[in-house]
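Please open the model in your viewer and keep the sequence panel beside it, since each stop of this tour begins with a selection. The stops follow one another along paths of contact and pairing.

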Amino acid sequence: MGEAMIRVEETVERRLRGSGKQLQLADFWQIPPPSRPEILFQAIQASHAWHFMHNPAYHDALAARKIGAEISLQDLPRLLRPTSQTFKSYIDILGTPFPQDQPRRFMAWLLDHLSIHPMADRAPAERIGQLKDRYPSLEALLQDIERLYADLGIEILTSSGTSGRSTILARDQRAIERTVESFYLCFQRYFGMQLDHRAIFIMPRQTRIAMARMVGFSLRQVGVPPENTFFTIPFPAYPDQVRIRSGRAYRPGWQGWLERRVLNPFMNWMNEHTVSPQAVRRAVDLLLQAEADGAKILLFASWVHLHAVALTLRDQKRVLQLPPGSLLGTGGGFKEFYPSVPEQIRHDLAQSVRTTDGQPAPVRDVYGMAEANWAAMQCAAGNYHIPPWVYVAVLDADDRFQIAPDATGILAFFDPQGGGDLIPAFFKTADQMRLVNGSTAYDPALDCPCGEAGAYIAQGSIQRVDLLDEAGCAAQI
């Protein structure tokens with residue numbers, strides 16, 4: 001077994017090094033769509049072999065499916081794990097959605113899901129004993145884990161946790177750098193972000209929510225100066241705060257009583273009467289200043305907050321006139337009931353935020369999820385473009401790839417380039433959609449009207465198919 005592992009590892013290293021210049025993410029746009037799947041499959045083979053040797057949870061799951069370190073194209077569907085369960089599986093192991101109550105068992109679970117060491121080398125596990133018996137909050141536990149494993153560069157992100165059951169994701173510095181690169185390349189290509197934009201986020205600067213964090217990192221990578229990047233929600237959003245405000249999961253005992261009867265009503269009252277109004281007012285003030293300065297803007301916020309901006313401007317009888325290139329962005333769908341649908345919100349924004357050439361400021365949506373190191377951004381034609389370094393397919397009812405160039409099913413993705421070395425980024429999502437020109441088939445006649453060649457999700461086709469409780473950070477459109 002040892003010699004076989006060494007041979008596989010040498011093969012992986014040769015594949016990863018290649019014979020010439022290593023492909024960068026941006027290079028994939030220069031590769032014709034029909035040629036991308038073979039290149040990506042070779043990268044998937046290498047990535048799979050690495051994680052199969054170094055990731056205990058992945059190894060055990062694949063070994064149970066009779067998959068070894070070497071794979072064929074036909075094996076790809078069998079590599080997939082469900083996004084809605086994989087990084088919440090600690091709940092079944094611990095018997096609780098509150099890792100802070102069992103820190104050492106939680107850390108053992110987390111290490112099993114990370115490709116940070118050969119399975120025979122359990123050195124990182126020796127540090128588990130340095131964790132406390134209990135922590136007052138999930139945030140306190142995650143901070144201590146990051147401290148203990150600082151030499152590994154681990155940073156822990158979460159989903160928005162609106163079900164009360166957080167998706168827990170660890171990324172190392174290489175994975176973070178690749179994720180940031182993925183986001184900023186797409187911001188530049190589909191949103192037209194440049195150095196002269198002012199970026200306004202109606203979201204907190206301090207948060208572990210994956211999408212919010214990556215958006216902020218990516219805009220800095222684009223080169224937007226810190227003095228031109230604004231976060232208008234003045235308070236942090238840590239996992240327990242998000243959970244309590246959602247009102248869908250409470251701690252047991254007296255803590256749960258306090259959360260239900262005191263903290264949840266107080267947080268929601270504060271959000272409705274202080275936090276959101278203050279964040280929206282600050283965003284509107286920044287927009288008015290940008291108008292006065294003739295500066296292009298990217299305003300990124302939830303649908304609800306974008307609508308609040310439009311209504312605030314309407315109440316002030318103001319119509320913003322911003323330079324062409326200004327853009328409104330959103331992602332994550334609706335996390336709670338809201339009476340207005342996106343079409344109405346778009347209409348109201350068109351009446352209040354316009355560009356100096358007489359057009360409504362474009363509103364673009366983003367499809368993503370906490371478990372993905374990429375996001376599909378909406379183009380001018382309304383479709384969501386999958387980055388070309390991600391291998392995508394839709395699955396039928398039997399979890400088989402649909403090979404038609406225009407097919408509807410459950411989205412599956414493989415991200416061997418941008419996924420990093422810490423987690424095998426091969427997932428079956430919980431979203432049904434119409435995928436055009438996915439990695440299993442390509443028809444140039446079906447290219448998006450915007451002119452972009454390659455895989456895209458058709459506008460208006462994304463539907464959540466499993467329980468809402470399993471929704472991740474930005475998996476709802």
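## Starting at a bridge between two strands

Select G368 and A375 to begin: A375, in strand 11, is the bridge partner of G368. The model on your screen is a predicted one, and this pair is a convenient place to enter it. Widen the selection to strand 10 and strand 11 (residues 375–378), and you will see two strands that pair in the antiparallel sense over 3 bridges. Follow the backbone from one strand to the other, and you will pass through the hairpin of 6 residues that joins strand 10 to strand 11.

## Both sides of strand 10

Keep strand 10 selected and show its side chains. Are the faces of strand 10 covered or open? Both are covered, with V363, D365 and Y367 buried on one side and R364, V366 and G368 buried on the other. Counted by residue, 6 of the 6 positions in strand 10 are buried.

Now add strand 8, which pairs with strand 10 in the parallel sense over 4 bridges. To find one point of this pairing, select L328, whose bridge partner in strand 10 is V363.

## Helix 14 and what it packs against

From the strands, move to helix 14 (residues 342–352), where I345, D348, L349, A350 and S352 are buried. Which elements do these buried residues pack against? They meet helix 13, strand 7 (320–322), strand 8 (327–331), strand 9 (353–355) and strand 10 (363–368), so that two strands from the previous stops come into view again.Next, select helix 13 together with helix 14, and look along the place where they pack at an angle of about 40°, with their axes 9 Å apart. The crossing of this pair is left-handed. On the side of helix 13, the contact is made by W303, L306, H307, A310, L311, L313 and R314, while helix 14 contributes P342, I345, R346, D348, L349 and S352. If you colour these residues by class, the contact shows 8 nonpolar, 2 polar and 3 charged residues.

## From helix 13 to helix 12

Leave helix 13 (residues 303–315) selected and add helix 12 (residues 253–293), which packs with helix 13 at an angle of about 65°, with the two axes 10 Å apart. This crossing is right-handed. The residues to display are S276, V280, V284 and L287 of helix 12, together with H305, A308, V309, T312 and L313 of helix 13. By class, the contact of helix 12 with helix 13 has 6 nonpolar residues, 3 polar ones and no charged ones.

While you are on helix 12, select N268, which has its place in that helix. N268 is partly exposed, with a relative accessible area of 26%. Add R245 to the selection: N268 and R245 are 23 residues apart in sequence, and their C-alpha atoms are 6.2 Å apart in space.

## Two loop residues with positive phi

Go on to K317, in the loop between helix 13 and strand 7. K317 has a positive phi of about 55°, although it is not a glycine. Is K317 buried or exposed? With a relative accessibility of 75%, K317 counts as exposed, because the cut-off for that class is over 50%.

A second residue to select is D399, whose place is in the loop between strand 13 (391–395) and strand 14 (406–414). D399 also is not a glycine and has a positive phi, of about 60°. Its relative accessible area is 36%, and D399 is therefore partly exposed, as this value falls between the limits of 20% and 50%.

## Helix 7 and the strands that help cover it

Now select helix 7 (residues 103–112), in which P103, F106, M107, W109, L110 and L111 are buried. What covers them includes helix 3 (56–64), helix 5 (83–86), helix 6 (90–94), helix 8 (138–148), strand 2 and strand 3.

Take the two strands from that list as the next selection. Strand 2 (residues 155–158) and strand 3 pair in the antiparallel sense over 4 bridges, and one bridge to mark is that between L157 and its partner in strand 3, L169. Along strand 3 (residues 168–171), I168 and A170 point one way and L169 and R171 the other way, and all of these residues are buried.

## Stepping back

Finally, clear the selection and look at the whole protein chain, which has 14 helices and 17 strands. Of its 477 residues, 56% count as buried. Among contacts in the chain with a separation of 6 or more, 71% are between residues 24 or more positions apart. If you switch on the surface, the accessible area of the protein chain comes to about 20,100 Å², and 52% of that belongs to carbon and sulfur atoms.

Note on methods. Residues numbered from 1 in each chain as written. Predicted model: local features only at pLDDT ≥ 70, side-chain atom pairs only at ≥ 80, totals over all residues. Heavy atoms only, no water. Axes fitted to C-alpha atoms, helices over the stretch in contact; angles between N-to-C directions. Left-handed = near helix turned anticlockwise from the far one by under 90°. Contact = heavy atoms within 4.5 Å. Nonpolar A, V, L, I, M, F, W, Y, C, P; charged D, E, K, R; others polar. Buried < 20%, exposed > 50% of the residue type's maximum accessible area, 1.4 Å probe, protein only. Areas by Shrake-Rupley, 256 points an atom, 1.4 Å probe, with all protein chains shown as cover. Pairing = 2+ DSSP bridges.
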